[in-house]
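Please open the structure in your viewer and keep the selection box at hand. This tour goes from one selection to the next, and at each stop it says what can be found there.

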Amino acid sequence: MAEADNYTKDGTTMAEEDNYTKDGTINYQGNPANKKKTGTWTACPYILGNEFCERLAYYGMSSNLVLYFKHKLHQSSATASKNVLNWSGTCYITPFIGAFLADAYLGRYWTIASFSIIYVIGMTLLTVTASVPGLKPNCSPSGACDPTETQTAVCFLALYLVALGTGGIKPCVSSYGADQFDDTDEHEKTHKSSFFNWFYLSINVGALIAGSILVWIQENIGWGVGFGIPAAAMAIAVVSFFSGTRLYRNQKPGGSPLTRMSQVVVASLKKYRVQVPADKSLLYEIADGESGIQGSRKLDHTKDLSFFDKAAVEIQSDHIKDSPDPWKLCTVTQVEELKAIIRLLPVWATGIIFSAVYSQMGSLFVVQGESMDPHMGRHFEIPSASLSIFDTISVIFWVPIYDRIIVPVARKFTGHSNGITQLQRMGIGLFISIFAMLSAGILEVVRLGIVKRHNYYDHDRIPLSIFYQVPQYFIIGCAEVFTFIGQLEFFYEQAPDAMRSFCSALSLTTVALGNYLSSLLVTIVTDVSTRGGKLGWIPDNLNRGHLHYFFFLLAILSVLNLVAFLFVAKWYTYKRAVGTLR
């Protein structure tokens with residue numbers, strides 16, 4: 001009998017069982033993933049390489065897109081800007097398509113693989129439209145271009161293929177990298193937090209190269225080469241991803257999460273008069289050791305949002321048929337999936353203000369820089385938009401410091417495996433972002449002081465170096481390392497096992513909504529501040545405006561947002577996964 005105890009139900013020994021992951025992951029052949037042969041840092045370089053090349057391709061193509069529209073497609077500044085914004089917005093909506101397919105049917109591996117191919121096709125077609133006669137816009141020797149409707153249409157077809165392609169990669173790749181670390185293994189789980197840091201670093205290194213070298217190539221060598229290099233980078237990304245196939249751990253898709261959440265809502269409404277028993281162990285859950293959702297561990301019952309518990313209350317009519325109707329009776333795990341998503345929403349909402357602050361680097365920071373001295377030496381002028389490179393440098397600087405210094409030191413004081421919790425990390429980032437807006441506002445006060453003292457009101461630029469903007473960019477980069485990476489990790493950890501791609505897509509929408517919020521604030525501020533014939537806070541001539549008021553407004557909103565976040569974080573209920581999967 002003693003020998004029999006050394007064997008599991010499927011006939012493997014306990015020692016052999018320890019060699020396999022217990023979070024439900026499988027290898028490329030569909031068998032349980034062996035810890036020694038798959039996953040962890042052995043598999044991650046291929047995923048990080050894919051992300052680096054994909055981001056290099058994306059930013060290399062998108063950073064200068066507005067100028068391509070203006071100079072080659074002969075669009076006005078307003079039309080070009082609108083088209084870039086529409087395309088960028090689409091790139092943050094399509095992740096819901098990729099996330100749904102990954103969680104419900106394809107799994108993350110095949111979603112990334114198939115959408116990467118669509119991405120390469122789009123990038124290749126874009127390169128062709130910028131270099132092949134007939135598809136390339138017709139331009140005169142003076143540089144004036146007159147593209148045909150077909151040429152413009154093919155260009156936009158290529159761009160929206162890219163938007164569709166990125167929609168399958170963005171919500172899946174960070175989650176897929178995190179899947180390589182077993183949630184049930186404390187040692188591997190510690191490394192998972194480190195993965196998110198290096199993942200975000202790879203994004204920024206790609207962006208740094210794209211925003212400097214590739215932008216220069218596009219403007220000085222040609223758009224065909226300038227788009228061709230990102231297309232080649234994306235092809236390398238695909239090769240990098242497929243190269244690691246044998247090493248990856250894969251989560252099984254769990255079926256449509258939207259259907260499961262809808263079933264909980266419908267079942268709760270149908271039973272709105274039913275009393276939830278005081279003993280929560282009486283709520284419906286399948287007796288098996290695993291949940292009824294493929295690739296998902298069981299979730300323990302939580303006390304909040306108790307209305308939805310009604311969906312798991314068993315009544316006599318639920319057992320008329322052999323198996324319960326899922327639109328009338330749901331498992332506790334299914335109910336807890338919906339609760340987990342609802343609990344994430346307030347945390348998600350606090351990320352929108354932070355993203356509005358982040359969006360200033362591409363808008364009002366650039367406008368502020370335009371009115372300052374851009375000279376670096378006697379002959380070289382740095383474009384104000386290029387100062388965002390200091391944000392990227394800041395991220396590259398802070399990620400290793402956070403991962404190698406801050407986390408180990410914090411771990412000694414807190415005893416937490418990650419040094420600090422993800423919510424604490426996000427809160428620190430929100431706090432730091434306030435100082436970015438204060439820095440920008442104070443710089444504008446100093447700039448306007450110089451204007452007033454020397455009567456520079458009608459000067460396009462004043463003798464104040466643009467490099468005084470570096471601190472505000474650097475502070476935002478530091479805040480990113482805490483908030484954006486913390487958010488990535490938090491949404492992965494708190495998402496139900498079978499909904500992680502969906503939650504990653506949800507977290508990405510804060511960037512788009514932050515842009516929309518910033519645009520709305522500018523519209524409201526302009527409308528209110530220009531009443532009575534006044535020039536307003538943000539006139540065309542900033543020397544006669546009050547741009548600092550807008551930055552201080554964002555600082556105040558950031559303070560209020562931080563207070564709201566602290567309340568949300570204090571009352572947040574963490575999900576509790578139960579048991580293991582095999």
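What follows is a walk through a few helices and single residues. Please keep in mind throughout that the model is predicted.

**First stop: a long helix and what comes after it**

Begin by selecting residues 422-454, which form helix α13. This helix has 33 residues and reaches 49 Å from its first C-alpha to its last, which is close to the 48 Å expected at 1.5 Å a residue. Now add N455, which comes just after α13 and takes a positive phi of about 55°. N455 has this positive phi although it is not a glycine, and its place is in the loop between α13 and β5. Is N455 buried or exposed? With a relative accessibility of 53%, N455 counts as exposed, because the cut-off for that word is over 50%.

**Second stop: two partners of α13**

Two packed helices are described by the angle between their axes and the distance between the axes. Keep α13 on display and add residues 470-494, which are helix α14. The axes of α13 and α14 are 8 Å apart, and the two helices pack at an angle of about 155°. Angles over 145 degrees count as roughly antiparallel, and α13 and α14 are therefore roughly antiparallel to each other. The crossing in which α13 passes α14 is left-handed, and the contact between them has 18 nonpolar, eight polar and three charged residues.

Next, hide α14 and select residues 547-570, which make up helix α16. At what angle do the axes of α13 and α16 cross? They cross at roughly 165° and come within 8 Å, and α13 and α16 are therefore roughly antiparallel to each other. This crossing of α13 and α16 is also left-handed, and the residues of the contact divide into 20 nonpolar, six polar and one charged.

**Third stop: the loop before α16, and α15**

Select I538, whose place is in the loop between α15 and α16. Because its relative accessibility is 22%, I538 counts as partly exposed. If you leave out residues up to four places away in sequence, I538 touches L364, V522, L547 and F550. For a distance to check in the viewer, draw a line from I538 to F52: they are 486 residues apart in sequence, and their C-alpha atoms are 37 Å apart in space.

From there, move to T509, which is found in helix α15, residues 500-529. T509 counts as buried, because its relative accessibility is 11%. Leaving aside its neighbours within four places in sequence, T509 is in contact with Y92, F96 and W348.

**Fourth stop: a pair with a right-handed crossing**

Select residues 149-178 and 186-220, which are helices α6 and α7. They pack at an angle of about 145°, with their axes 9 Å apart, and the crossing of α6 and α7 is right-handed. To see where they meet, show the side chains of V173, S174, G177 and A178 of α6 together with those of K192, F195, F196 and F199 of α7, for these residues make the contact. By class, the residues of this contact divide into five nonpolar, two polar and one charged.

**Last stop: T40**

Finish with T40, which lies in helix α2, residues 40-62. T40 has a positive phi of about 50° although it is not a glycine. Its relative accessible area is 18%, so T40 is buried.

Note on methods
Residues numbered from 1 in each chain as written. Predicted model: local features only at pLDDT ≥ 70, side-chain atom pairs only at ≥ 80, totals over all residues. Heavy atoms only, no water. Axes fitted to C-alpha atoms, helices over the stretch in contact; angles between N-to-C directions. Helix = DSSP H or I, 4+ residues; strand = E, 2+ residues; numbered from the N terminus. Parallel < 35°, antiparallel > 145°, perpendicular 65-115°, else oblique. Left-handed = near helix turned anticlockwise from the far one by under 90°. Nonpolar A, V, L, I, M, F, W, Y, C, P; charged D, E, K, R; others polar. Expected span 1.5 Å × (residues − 1). Buried < 20%, exposed > 50% of the residue type's maximum accessible area, 1.4 Å probe, protein only. Contact = heavy atoms within 4.5 Å.
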